[in-house]
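Visitor: I am in my first year and would like to learn how to read a protein model step by step. Could you take me through this one with a few questions?

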Amino acid sequence: MSPRLSTPSKNASLKKSAVRKVAPIFAALGDETRLRLVAILCAGGAMSIAQLTSGTEITRQAVTKHLHVLADAGMVHHIKVGRERLWEFEPTQLEEARRSLEVIGQQWDKALNKLKMAVES
C-alpha cells in the first residue's frame with residue numbers, strides 16, 4: 001500500500017516556515033565546538049575570545065569563526081567593552097528550537113498512539 005500524497009495546506013506552509021526558521025539553530029548546534037561554546041556561555045555569562053580559548057587547543061581564529069556561525073543563527077551576540085568584544089548567549093533562539101522539538105514530540109506521540117490502536121484492533 002503506497003502513501004497518498006496530498007497537496008500542501010495552509011498549515012503545512014506554516015510548518016515549513018517554522019522549520020526554515022529553526023534549521024540554522026540546529027545546524028549551528030550540530031558542531032561539537034559550537035555546542036561547547038554555547039554551554040560555556042550559558043554557564044559563564046559574557047566572555048572574551050581569550051577567555052573562551054583559555055585552556056584549550058583551539059585557536060582564537062577558529063573560535064571567532066564558530067561564534068560568527070552562532071551569531072548568524074541568533075544564538076550569541078557580542079558587546080563591546082573598551083577594545084574588547086564580549087560574547088553573550090542569546091536564549092530566545094534556543095527557546096524557539098525547544099518549542100519546535102516539543103511540537104515534533106507531540107506529533108510522534110500521536111503517530112505512536114495511532115499505531116498502537118491499529119495494532120491492538
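Guide: What follows is a conversation about this predicted model, going from the chain as a whole to single residues.

Visitor: In what order do the elements of the protein chain run from the N terminus on?

Guide: It helps to begin with the inventory, since the secondary structure of the protein chain comes to five helices and two strands. Read from the N terminus on, the elements run α-α-α-α-β-β-α.

Visitor: Which helix gives the most residues to the largest nonpolar core?

Guide: As a general background, nonpolar side chains tend to be buried together in soluble globular proteins. Here the largest nonpolar core has 19 residues, and among those with the most contacts inside it are Leu-41, Leu-67 and Leu-70. Two or more residues each come from helix H1 (10-29), helix H2 (32-44), helix H3 (49-53), helix H4 (60-72) and strand S2 (84-89). The element that gives the most, with four residues, is H1.

Visitor: Which residues does Leu-70 touch, leaving aside those up to four places away in sequence?

Guide: Leu-70 is one of the residues with the most contacts inside the largest nonpolar core, and Met-75, another residue of that group, is among the residues that Leu-70 touches. With residues up to four places away in sequence left out, the full list is Ala-28, Arg-34, Leu-37, Val-38, Met-75 and Val-76.

Visitor: Why do the buried residues of H2 line one face of the helix?

Guide: The residues of H2 that are buried are Thr-33, Arg-34, Leu-37, Val-38 and Leu-41. In general, an α-helix has 3.6 residues a turn, so residues three or four places apart point the same way. On the other side of H2, Glu-32 and Ala-43 are exposed. Seen down the axis of H2, the buried residues line one face because they fall within an arc of 140°.

Visitor: Which residue caps the N-terminal end of H2?

Guide: Both ends of H2 can be described, and the helix is followed by Gly-45, whose phi is positive, near 75°. At the N-terminal end, a side-chain oxygen lies 2.9 Å from the backbone nitrogen of Thr-33, and the residue that provides this cap is Asp-31.

Visitor: Which residue is the bridge partner of His-78 in S2?

Guide: Strand S1 (residues 76-81) and S2 run antiparallel and are joined by six bridges. Their hairpin has two residues between the strands, and in this hairpin Gly-82 takes a positive phi near 65°. In S2, the bridge partner of His-78 is Trp-87.

Visitor: Which backbone oxygen does the side chain of Gln-93 reach?

Guide: Gln-93 lies in helix H5, where Gln-93, Glu-96, Ala-97 and Ser-100 are buried. Leaving out residues up to four places away in sequence, Gln-93 touches Ile-25, Ala-73, Gly-74 and Met-75. At 3.2 Å, its side chain reaches the backbone oxygen of Ala-73.

Visitor: Is Leu-94 buried, exposed or partly exposed?

Guide: Leu-94 is also found in helix H5, and, not counting residues up to four places away in sequence, Leu-94 touches Leu-29, Met-75 and Phe-89. Buried means under 20% relative accessible area and exposed means over 50%. With a relative accessibility of 30%, Leu-94 therefore counts as partly exposed.

Terms used: Residues are numbered from 1 along each chain as its sequence is written. This is a predicted model: local features need pLDDT of at least 70, side-chain atom pairs count only at pLDDT 80 or more; totals for chains, interfaces and linings use all residues. Side-chain values use heavy atoms; hydrogens and water are left out. Buried means under 20% relative accessible area, exposed over 50%, partly exposed in between (1.4 Å probe, protein chains only). A nonpolar core is a set of buried Ala, Val, Leu, Ile, Met, Phe, Trp, Tyr and Cys residues joined through side-chain atoms within 4.5 Å. Contact means heavy atoms within 4.5 Å. Two strands pair if DSSP finds at least two bridges between them. The arc is that of the directions from the helix axis to the C-beta atoms. A polar contact is a pair of N or O atoms within 3.5 Å; within protein, one must be able to donate a hydrogen and the other to accept it, and residues adjacent in sequence count only if both atoms are side-chain atoms.
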